[in-house]
Amino acid sequence: MNRTIEIIITPTGEIQIDAVGFKGPDCEKATKFLEEALGVVGKKVKKPKYHQHSSRTNQQKIGG
């Protein structure tokens with residue numbers, strides 16, 4: 001799935017930022033610059049995908 005960031009401005013001037021296709025805290029990292037630039041500090045809604053782990057894996061090599 002492609003990752004996109006949607007910015008929605010309602011007729012009342014409310015700004016909503018929707019990170020689509022992101023999992024876990026990646027969505028917050030991806031939208032942070034927009035929140036800072038636009039001054040969006042409203043209510044944050046975490047979707048079910050937020051609680052899923054990203055597909056990254058960390059491996060540690062022991063020994064040599």
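**Exercise 1. The nonpolar patch**

Find which element gives the most residues to the nonpolar surface patch in this predicted model.

*Solution.* Start with the members of the patch: Ile5, Ile7, Ile9, Phe33 and Leu38 make a nonpolar surface of about 470 Å². Next, place them on the elements: β1 (4-9) and α1 (26-38) are the ones that give two or more residues. The element that gives the most is β1, with three residues.

**Exercise 2. A residue of the patch**

Decide whether leucine 38 is buried, partly exposed or exposed.

*Solution.* First locate the residue: leucine 38 belongs to helix α1. Then take its relative accessible area, which is 39%. Buried would need a value under 20%, and exposed a value over 50%. Because 39% falls in between, leucine 38 is partly exposed.

**Exercise 3. The order of the elements**

Work out how many helices and strands the protein has, and in what pattern they follow each other.

*Solution.* Count first: you should find one helix and two strands. Now walk along the sequence, and the pattern you meet is β-β-α.

**Exercise 4. How the strands pair**

Describe the pairing of β1 and β2, and name the bridge partner of threonine 4.

*Solution.* Look at the direction of the two strands: β1 and β2 pair in the antiparallel sense, over six bridges. For one pair of partners, go to threonine 4, whose bridge partner in β2 is valine 20. Finally, look at the connection: the two strands form a hairpin with five residues between them. In that turn, glycine 13 has a positive phi of about 95°.

**Exercise 5. A threonine in the loop**

Is threonine 10 buried or exposed, and what does its side chain touch?

*Solution.* Begin with the location: threonine 10 sits in the loop between β1 and β2 (15-20). Its relative accessibility is 18%. The cut-off for buried is under 20%, so threonine 10 counts as buried. Now follow the side chain: that of threonine 10 makes a polar contact with the side chain of threonine 12, at 2.9 Å.

**Exercise 6. The whole protein**

Give the share of residues that are buried, the exposed area, and the share of contacts between residues 24 or more positions apart.

*Solution.* Of the 64 residues, 20% count as buried. The protein exposes about 5600 Å², and carbon and sulfur atoms supply 52% of that area. For the contacts, take those with a separation of 6 or more: residues 24 or more positions apart account for 35% of them.

How values were computed
Residues are numbered from 1 along each chain as its sequence is written. This is a predicted model: local features need pLDDT of at least 70, side-chain atom pairs count only at pLDDT 80 or more; totals for chains, interfaces and linings use all residues. Side-chain values use heavy atoms; hydrogens and water are left out. Patches are made of residues with over 30% relative accessible area and no salt bridge: like charges are joined within 9 Å, nonpolar side chains (Val, Leu, Ile, Met, Phe, Trp, Tyr) within 5 Å. Accessible areas come from the Shrake-Rupley method with a 1.4 Å probe; for residues, only the protein chains shown count as cover. A salt bridge is a side-chain nitrogen of Lys or Arg within 4 Å of a carboxyl oxygen of Asp or Glu. Helices (H or I, at least four residues) and strands (E, at least two) are DSSP runs, numbered from the N terminus. Buried means under 20% relative accessible area, exposed over 50%, partly exposed in between (1.4 Å probe, protein chains only). Contact means heavy atoms within 4.5 Å. A polar contact is a pair of N or O atoms within 3.5 Å; within protein, one must be able to donate a hydrogen and the other to accept it, and residues adjacent in sequence count only if both atoms are side-chain atoms. Two strands pair if DSSP finds at least two bridges between them.
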